[in-house]
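Colleague: I should like to work through one protein chain with you, step by step. Please explain each term when it first appears.

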Amino acid sequence: MLLKPDQWTTSSLRRLSTWANGAGYRQSAVTAFMQKADFYLVAQAHAMGHTVVTYEKPAPQSVKSIKIPDACKALAVDWMAPHEMLRAEGAVFGLHQT
């Protein structure tokens with residue numbers, strides 16, 4: 001769920017945009033990133049102090065696409081894989097016979 005941007009999220013969007021435009025990515029990668037929910041998700045997590053959960057892996061050497069973990073690192077936002085989140089939250093799954 002994405003919330004409407006407040007002043008803190010707007011500030012984080014600016015910081016993330018500045019980073020993306022100056023981090024050596026191709027302009028097409030920056031444009032694609034800023035048009036996806038990933039851009040807003042990372043900025044909102046930064047503004048609200050949340051952790052991002054993603055299947056993406058960091059790709060700091062890439063110039064063709066901006067990965068969520070790399071954007072998170074740029075703004076010091078914590079991120080983790082879904083299995084790490086489930087473990088941290090103590091999720092338990094079981095099979096039930098009917």
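The following exchange moves from the whole chain to single residues.

Modeller: This is a predicted model, in which local features need pLDDT of at least 70 and side-chain atom pairs count only at pLDDT 80 or more, while totals for chains, interfaces and linings use all residues. Residues are numbered from 1 along each chain as its sequence is written, and side-chain values use heavy atoms, with hydrogens and water left out.

Colleague: In what order do the elements of the protein chain run from the N terminus on?

Modeller: Helices (H or I, at least four residues) and strands (E, at least two) are DSSP runs, numbered from the N terminus. The protein chain holds 5 helices and 2 strands. From the N terminus on, the order is α-α-α-β-α-β-α.

Colleague: What percentage of the residues in the protein chain is buried?

Modeller: A residue is called buried under 20% relative accessible area, exposed over 50%, and partly exposed in between, with a 1.4 Å probe and protein chains only. The C-alpha trace spans about 55 × 30 × 20 Å along its principal axes. Among the 98 residues of the chain, the buried share is 30%.

Colleague: Of the contacts with a separation of 6 or more, what percentage joins residues 24 or more positions apart?

Modeller: Contact means that heavy atoms lie within 4.5 Å. Among contacts in the protein chain with a separation of 6 or more, the part due to residues 24 or more positions apart is 70%.

Colleague: Which elements are included in what covers the buried residues of α3?

Modeller: Helix α3 covers residues 37–48, and its 12 residues reach 16 Å from first C-alpha to last. That is close to the expected 16 Å, the expected span being 1.5 Å times one less than the number of residues. Its buried residues are Asp38, Phe39, Tyr40, Val42, Ala43, Gln44 and Ala45. Their cover includes α1 (7–22), α2 (27–34), β1 (52–53) and α4 (68–74).

Colleague: Which element gives the most residues to the largest nonpolar core?

Modeller: A nonpolar core is a set of buried Ala, Val, Leu, Ile, Met, Phe, Trp, Tyr and Cys residues joined through side-chain atoms within 4.5 Å. The largest one has 19 residues, of which Leu16, Val42 and Ile66 touch the most other members. Two or more residues come from each of α1, α2, α3 and α4. With 5 residues, the element that gives the most is α3.

Colleague: Which residues are in contact with Leu16, leaving aside its neighbours within four places in sequence?

Modeller: Leu16 is one of the residues that touch the most other members of the largest core. Leaving aside neighbours within four places in sequence, its contacts are Phe33, Phe39, Val42, Ala43, Ala71 and Leu75.

Colleague: Is Ala76 buried or exposed?

Modeller: Ala76 sits in the loop between α4 and β2 (79–80). Its phi is near 60 degrees, a positive value in a residue other than glycine. Because its relative accessible area is 69%, Ala76 is exposed.

Colleague: How far apart in space are Phe93 and Ala29, C-alpha to C-alpha?

Modeller: Phe93 belongs to the segment after α5 (82–89). With a relative accessible area of 68%, Phe93 is exposed. Phe93 and Ala29 are 64 residues apart in sequence, and their C-alpha atoms are separated in space by 38 Å.

Colleague: What distance separates the C-alpha atoms of Lys4 and Leu95?

Modeller: Lys4 lies in the segment before α1. Its relative accessibility is 77%, so Lys4 counts as exposed. Lys4 and Leu95 are 91 residues apart along the chain, and the distance between their C-alpha atoms is 39 Å.
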